[in-house]
Amino acid sequence: MMSREILVMDGEKKLETAALCYQCGACTASCPLNLFNGVRINPRRIIWNIQQGLPTDVDPFLCMMCMACEASCPRGVRILDVIRLLRIEAYQANKAPQRLVQVLWNVYEEGNPWGYPAKERGKWLETIRSDNIKDKAKTLLYVGCVSSYDIRLQRVVKSLVNLLSGSNIEFTVLGDREKCCGDSVMNVGETGFLEELIQDNIKLFREKGAETIITISPHCYQMIKNIYPGYGGDFQAMHYTEYLAKLLDENKLQIDARYEGVITYHDPCYLGRYSGVFEEPRKLLEQVKDLELVEMPMSRWLTLCCGGGGGKIFMETKPEERPANVRIKQAAEANAGTLVTSCPYCIINFEDSLKLQRVGLKVMDLAEVLASEKM
Ligand code: SF4
Ligand code: SF4
């Protein structure tokens, strides 16, 4: 099926968005894939093909869905919607990468993209003691797939639970019953199973009494905030940095952390460019005693994708083509000793890059810095 037909099928709005384009090329120029062996994906050309009613000849799965192109577009063209539609088209034509198709099966069978046993999802709870975790509550901490299973990322969960408990927030969690938010499924271009998964999640969130949902991953945040309402899921989604910043404003969050060192903050694409959450993380870091915060030139709207968005976290990227390698060098060049972020995919990618490169840098999640003991 041609992309034009899909756009028409999906409503005039999608076709209208391509019609806005005047072919300036700012989108293609801003794509971080340009950093590696020239242009790998050309959003300007994709939109031109749609305008002309021509099939597109690009692989939409190359895209990291980082939004750098869309953010730079002077005409407000919804480039990511178009790329999502191309993925749906490719999936329906059996052209989705095999690794991503396997991700779908893993979510279907075990509720997470890696295929870890569903019955072990809530094991992280065994290492955490908090009287503030209730069976039901208006506030739900949605932990997410990778943070539930990965031992390193469980430290982030623990830090956040400590911060919430220290602020006397009562909240609930889903434990073994938690399933993927659907980000991984949407990235493959599968729509039927996505709807089923989202409906199941909405039902479970309601059963737990949730009104506000705090997420650890910006990917889960963007799903619950922007995609779930289209399926009837009317929750207040908040990334944990937003939630903690709100507690701080209300004088309900006490940050006693002290961190001696120079830190730079990496804006995750799905939190910053997608939702404009740039100041909250910095405001929280400013509360930490002795910490010096420096900025990389590519920060806030100009942030560089870690390479994990758009389902790329599940796919192999050659070492010489990993954006995370570039990012850790940028952090070191800013004279930072610690690269802080607030996304589990960024943590995985940056720590993987550090294994292969001699850069004197440490990677931490913001929650870990905020919960760090006085030194
Ligand atoms: S930046 Fe916007 S207007 Fe310019 S080529 Fe890209 S989509 Fe078209
Ligand atoms: S979303 Fe990012 S990776 Fe994809 S085309 Fe746009 S700038 Fe390139």
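**A parallel sheet, a helix pair and a ligand shell**

Four strands form an open sheet in the order S7-S6-S8-S9, with parallel pairing. The model described here is predicted. At the edges of the sheet lie strand S7 (289-294) and strand S9 (362-365), each of which pairs on one side only. From one strand to the next, the twist averages 35°. As a helpful reminder, strands of a sheet pair through backbone hydrogen bonds, either parallel or antiparallel. For a closer view of one such pairing, strand S8 (residues 338-341) joins S9 in the parallel sense over four bridges. Within this pairing, Val 340 has Met 364 of S9 as its bridge partner.

Turning to the helices, the axes of helix H16 (residues 323-333) and helix H17 (residues 344-356) come within 9 Å and cross at roughly 80°. Because angles of 65 to 115 degrees count as roughly perpendicular, H16 is roughly perpendicular to H17. On the H16 side, the contact is made by Ala 324, Asn 325, Arg 327 and Ile 328, while H17 brings Asn 349, Phe 350, Asp 352, Ser 353 and Leu 354. By class, the residues of this contact are four nonpolar, three polar and two charged.

Finally, there is the surroundings of ligand 1 to explore. Around ligand 1 there are 14 residues, of which Cys 21, Cys 24, Cys 27, Cys 73 and Val 77 come nearest. Helix H3 (26-30) and helix H4 (43-52) are the elements that give two or more residues to this shell. H4 supplies three residues, the largest share. In terms of class, the shell around ligand 1 consists of 10 nonpolar, two polar and two charged residues.

Key: Residues are numbered from 1 along each chain as its sequence is written. Chains are lettered from A and ligands numbered from 1 in the order in which they are written. This is a predicted model: local features need pLDDT of at least 70, side-chain atom pairs count only at pLDDT 80 or more; totals for chains, interfaces and linings use all residues. A residue is near a molecule or strand if its C-beta atom, placed from the backbone, lies within 6 Å of it. Ala, Val, Leu, Ile, Met, Phe, Trp, Tyr, Cys and Pro count as nonpolar, Asp, Glu, Lys and Arg as charged, and the others, Gly among them, as polar. Axes are lines fitted to C-alpha atoms, for helices over the stretch in contact, and angles run from 0 to 180 degrees between N-to-C directions. Angles under 35 degrees count as roughly parallel, over 145 as roughly antiparallel, 65 to 115 as roughly perpendicular and the rest as oblique. Two residues are in contact if their C-beta atoms, placed from the backbone, lie within 7 Å. Two strands pair if DSSP finds at least two bridges between them.
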